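Reader: Hello! I am new to protein structures and would like to learn how to read one. Could we go through it together?

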Amino acid sequence: MSVILCTAGYDHTIRFWEALSGICHRTIQHSESQVNRLCISPDKRYLAAAGHQKVKLFDIRSSNPNPVMTFAGHTGNVTGVTFHCEGKWMVTCSEDGWVKVWQTKDGSIQRTYDHGMPVNDVVIHPNQGEVIACDRGGNVRIWDLGENKCTHQLVPEEDVSVSSVTVATDGTLLCAGNNSGNVYVWRMLQNRDITSLIPVTSFLAHNAYVTRVLLSPDVRHLATCSADHNARIWSVDPAAPHNIKGNENLPTEREPGAFPLESSLESHQRWVWDCAFSADSAYLVTASSDHYARLWELGTQAVIRQYNGHHRGAVCVALNDYSER
């Protein structure tokens, strides 16, 4: 179980895959609703599956098809779920407008934060003291768990839904993608307990909705997924070459500091909803409405494995191939 790879979506199933062979070795039925997001606990013990109003926790190491715990408290689709670095608590967000912090051992709610409109995504800052969420009204909010309040509100574009946020593993960068196809980047500076944000750049990543943004573990690449059926890989180094060839619909003139395009991953036939990097940042798994998940080798831009089995759209993927600690 050194590599945990799972996908889910609109066919009400969660599938576990052998990453290299492409064989599905376990299927869990999620009959109540579609699955919107997946997250593997840092110790690889549990899988959190976010559906309609609930998050269910499954034991990865057992064959038990039933959840070991259910987190009920949202009143709309749960759109985001992520674990604390030691798995002690979990953060969720929902179309009901709320971000909630849960204790994983007993399912109790520790904190609630109100966006007042549907929340699309949530991440935990590596300092484990801040939660960053984005919403349909175009806001990115940083919630301080210690102060128990919102410390920053960013509005990249008024009334343009921010679909996804990602924070660097070293806490230096925050990126957000929105329904205009734009990506916004801020540098995060930590001075004692105070986080300050400096705008770095913004750029057009896709000519359609951005559905997911994800910084690689080594913080050298940014992956973006989109309704244009593509995923793209951008260099976090603004001085890297800009590979516009074959992507003439992207502007050749770039904003100062804009991330150069490294590669465009084009083989899905419908929306690409989600992605996950390997621990060494050399591979990416994508999930699409075309029912397939694909494993890409980023150095060659080649699809090295396709995961077939979902009979409706695959909208979420989770991968943990970190070595055991």
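Reader: Which side chains does the salt bridge of Arg-212 bring together, and what is the N to O distance?

Author: Happy to help! Please keep in mind that this is a predicted model. The general idea is that a salt bridge is a side-chain nitrogen of Lys or Arg within 4 Å of a carboxyl oxygen of Asp or Glu. Here the side chain of Arg-212 meets that of Asp-274, at 2.9 Å from N to O. This pair ties together distant parts of the chain, since Arg-212 lies in strand 19 (residues 210-215) and Asp-274 in strand 23 (residues 272-277), 62 residues apart.

Reader: Are Arg-212 and Asp-274 buried or exposed?

Author: To read that, look at the relative accessible area: buried means under 20%, and exposed means over 50%. Both Arg-212 and Asp-274 are buried.

Reader: Which residues are linked with Arg-212 and Asp-274 in a network of salt bridges?

Author: The network also takes in Arg-37 and Asp-121.

Reader: How many salt bridges does the structure hold?

Author: There are 11. One of them joins Lys-56 and Glu-32, whose closest N and O atoms are 3.2 Å apart. That pair also links distant parts of the chain: Lys-56 sits in strand 6 (residues 52-59), while Glu-32 belongs to the loop between strand 3 (24-29) and strand 4 (37-40), 24 residues away.

Reader: Why does Lys-56 count as buried?

Author: Its relative accessible area is 10%, so Lys-56 is buried. Its partner Glu-32 has a value of 48% and is therefore partly exposed.

Reader: And which residue forms a salt bridge with Arg-45?

Author: That is Asp-59, with 3.2 Å between the closest N and O atoms. Arg-45 is in the loop between strand 4 and strand 5 (46-50), and Asp-59 is in strand 6, 14 residues apart. Arg-45 counts as partly exposed because its relative accessibility is 28%, whereas Asp-59, at 9%, counts as buried.

Reader: Let me try another kind of feature. Which side chains make polar contacts with the side chain of Arg-294?

Author: A polar contact is a pair of N or O atoms within 3.5 Å. The side chain of Arg-294 makes one with the side chain of His-268 at 2.7 Å, and another with that of Asp-290 at 3.4 Å.

Reader: Where is Arg-294 found, and why does it count as buried?

Author: Arg-294 belongs to strand 25 (residues 293-297). Its relative accessibility is 8%, so Arg-294 counts as buried. If we leave aside its neighbours within four places in sequence, its contacts include Ser-267, Leu-284, Thr-286, Val-303 and Tyr-307.

Reader: Now the whole chain, please. How many helices and strands does it have?

Author: The secondary structure comes to zero helices and 27 strands. The radius of gyration is 18 Å, close to the 20 Å that the globule rule gives for 325 residues, so the chain is as compact as a globular protein of that length. Its C-alpha atoms fill a box of roughly 55 × 45 × 35 Å along the principal axes.

Reader: What share of the residues is buried?

Author: Buried residues make up 56% of the 325. The chain exposes about 13600 Å², with carbon and sulfur atoms supplying 47% of that area. As for contacts with a separation of 6 or more, 45% are between residues 24 or more positions apart.

Conventions. Residues are numbered from 1 along each chain as its sequence is written. This is a predicted model: local features need pLDDT of at least 70, side-chain atom pairs count only at pLDDT 80 or more; totals for chains, interfaces and linings use all residues. Side-chain values use heavy atoms; hydrogens and water are left out. Helices (H or I, at least four residues) and strands (E, at least two) are DSSP runs, numbered from the N terminus. Buried means under 20% relative accessible area, exposed over 50%, partly exposed in between (1.4 Å probe, protein chains only). A polar contact is a pair of N or O atoms within 3.5 Å; within protein, one must be able to donate a hydrogen and the other to accept it, and residues adjacent in sequence count only if both atoms are side-chain atoms. Contact means heavy atoms within 4.5 Å. The radius of gyration is taken over C-alpha atoms; the globule rule is 2.2 Å times the number of residues to the power 0.38. Accessible areas come from the Shrake-Rupley method with a 1.4 Å probe; for residues, only the protein chains shown count as cover.
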